[in-house]
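Please walk me through this protein structure. I would like to see how its parts hold together and where its empty spaces lie.

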Amino acid sequence: MSPMTDATGWNLVEIADLSREEMVSILDRAVELRHAPPAVSASSSHLVALLFSEPSTRTSLSFQVACQRLGVSFIELPAERSSLLKGETVLDTARVLEALGAGALVVRDRSDDVIRGLVHECGAGVLNAGGGTRAHPSQALLDTLVLRDEFGSLEGRSIGILGDVVHSRVARSDIAAFTAMGAKVVLIGPKEFLPDGDWPEGVRVSHDLDAILPELDAIQILRIQHERIEGGMGLSLDDYVSSYQMNGTRLASCGSHFLVLHPGPMNRGVEISDEVADGKASRILQQVAAGVPIRMALLERALGIHRGSEEIH
Ligand code: CP
């Protein structure tokens, strides 16, 4: 499937909207942009609007830094200070942002379907900054970039995704991105977070972290998404930590090239120990840094300003 494009906007709702070639093109552009000199001030007439109805640190801030680096103005509308609280719909809010001149809408929403709906109704380019449990495509692209930086290619690499997979939009987007780039993906967690079901073809499932770790080249560790769990976890936190926390002992069973990723926010002492989070194998802050050029590359497309990196100054 190609990215959904209308007269004025390029949209990214989920990784499946991109071909492998388009993914590679975005990753390559991000590498160029990573080294481009930043704009000294907002010098273009383009405007980006950020509309987040769920909390965010990394995604929101890195989209803002990406705008600054591109020389593009942005406005931010946190849902808790908006007229969404008075009953205005997300679509009507998006139309207000467009009427104010926004050429790209960066949207995080707790519903899976709202962001896809905006694509059909808005002329501005829509970038999904995390929707429901289904998709967080810019996160998956930055995760892929970090792995590609380290390994050169994901082809044939074994990448684990550990933890609360069932509630994770990052997991779904990572599965799509990593497999598209030729990696073998293993989902790891207790059956409460990894029920039998509809996992994509070719993706392995393991409930035994200790058995699978020596096979892996890297692992993406997920926090427990308590805000999406209704009626309790179904297992004790102590049991979870004992069987699934990535800690120093488990890291010692991995190869010397083994990498640790975490999309954040981390719950230290639960899914990851301090020793692992802050250790040599960790690429967690590299993930944060990679978010800026990836989001610059996405904003360029959404705004239709794909330029040579020498023009960003
Ligand atoms: N990885 C991620 O989406 O983090 P934030 O919720 O802080 O944006």
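What follows is a tour of open and closed spaces, charged pairs, cysteines and a few surface spots.

The model is predicted. Begin with the largest pocket. Its volume is about 400 Å³. The lining counts 21 residues, and those closest to the centre are Arg108, Arg169, Arg223, Gly264 and Pro265. Helices α2 (58-70) and α6 (169-180) each supply at least two residues of this lining.

Look again at two of those central residues. Gly264 and Pro265 are joined by a cis peptide bond, with omega at about -5 degrees. Most peptide bonds are trans. Pro265 sits in the loop between β9 (259-261) and α10 (274-277).

Now turn to the closed space. One cavity of 30 Å³ or more is present in the structure. The largest cavity has a volume of about 70 Å³. Which helix gives the most to its lining? It is α11, with four residues. Helices α2, α5 (137-151) and α11 (284-303) each bring at least two residues to the cavity wall. Among the lining residues are Arg58, Thr59, Gln139, Leu142, Ile284 and Arg295. His262 and Pro263 are also included in that lining.

Charged pairs come next. The whole structure holds 19 salt bridges. One of them links parts that are far apart in sequence. Glu150 pairs with Arg283, and their closest N and O atoms are 2.5 Å apart. Glu150 belongs to helix α5 and Arg283 to the loop between α10 and α11, so this pair ties together parts 133 residues apart in sequence. Are the two partners buried or exposed? Glu150 is partly exposed, at 36% relative accessibility. Arg283 is buried, at 15%.

Another bridge stays within one helix. Glu32 and Arg29 meet at 2.6 Å, N to O. Both lie in α1 (residues 20-34), three residues apart, which is about one turn of the helix. Glu32 is partly exposed, with 44% relative accessible area. Arg29 is buried, at 3%.

Arg268 and Asp274 form a further salt bridge, at 2.9 Å from N to O. Here Arg268 is partly exposed at 41%, and Asp274 is partly exposed at 44%. Elsewhere, Glu14, Asp17 and Arg116 are linked in a salt-bridge network.

What of the cysteines? A disulfide is a covalent bond between the sulfur atoms of two cysteines. A search of the whole structure finds zero disulfides. Why does Cys122 have no such bond? The closest cysteine sulfur, in Cys67, lies 17 Å from the sulfur of Cys122, which is too far for a bond. The cut-off for a disulfide is 2.5 Å between sulfurs. Cys122 is also buried, at 3% relative accessibility. Cys254 is buried as well, at 12%.

Finish on the surface. Ile75, Val96 and Leu100 make up a nonpolar patch there, with about 240 Å² of accessible area together. Leu100 lies in the loop between α3 (90-99) and β3 (104-109). Its relative accessibility is 57%, so Leu100 counts as exposed.

Gly202 is another loop residue, placed between β6 (184-188) and β7 (204-206). At 70% relative accessibility, Gly202 is exposed. Its C-alpha atom is 9.2 Å from that of Val186, and the two residues are 16 apart along the chain.

Definitions and conventions: Residues numbered from 1 in each chain as written. Predicted model: local features only at pLDDT ≥ 70, side-chain atom pairs only at ≥ 80, totals over all residues. Heavy atoms only, no water. Buried < 20%, exposed > 50% of the residue type's maximum accessible area, 1.4 Å probe, protein only. Patch = residues over 30% accessible without salt bridge, like charges linked within 9 Å, V, L, I, M, F, W, Y side chains within 5 Å. Areas by Shrake-Rupley, 256 points an atom, 1.4 Å probe, with all protein chains shown as cover. Salt bridge = Lys/Arg side-chain N within 4 Å of Asp/Glu carboxyl O. 1 Å grid on protein atoms, 1.4 Å probe; cavity = no way out; pocket = protein on both sides within 12 Å on 5 of 7 lines; lining within 4 Å. Points joined across faces, edges and corners; volume = space filled by probe spheres on them.
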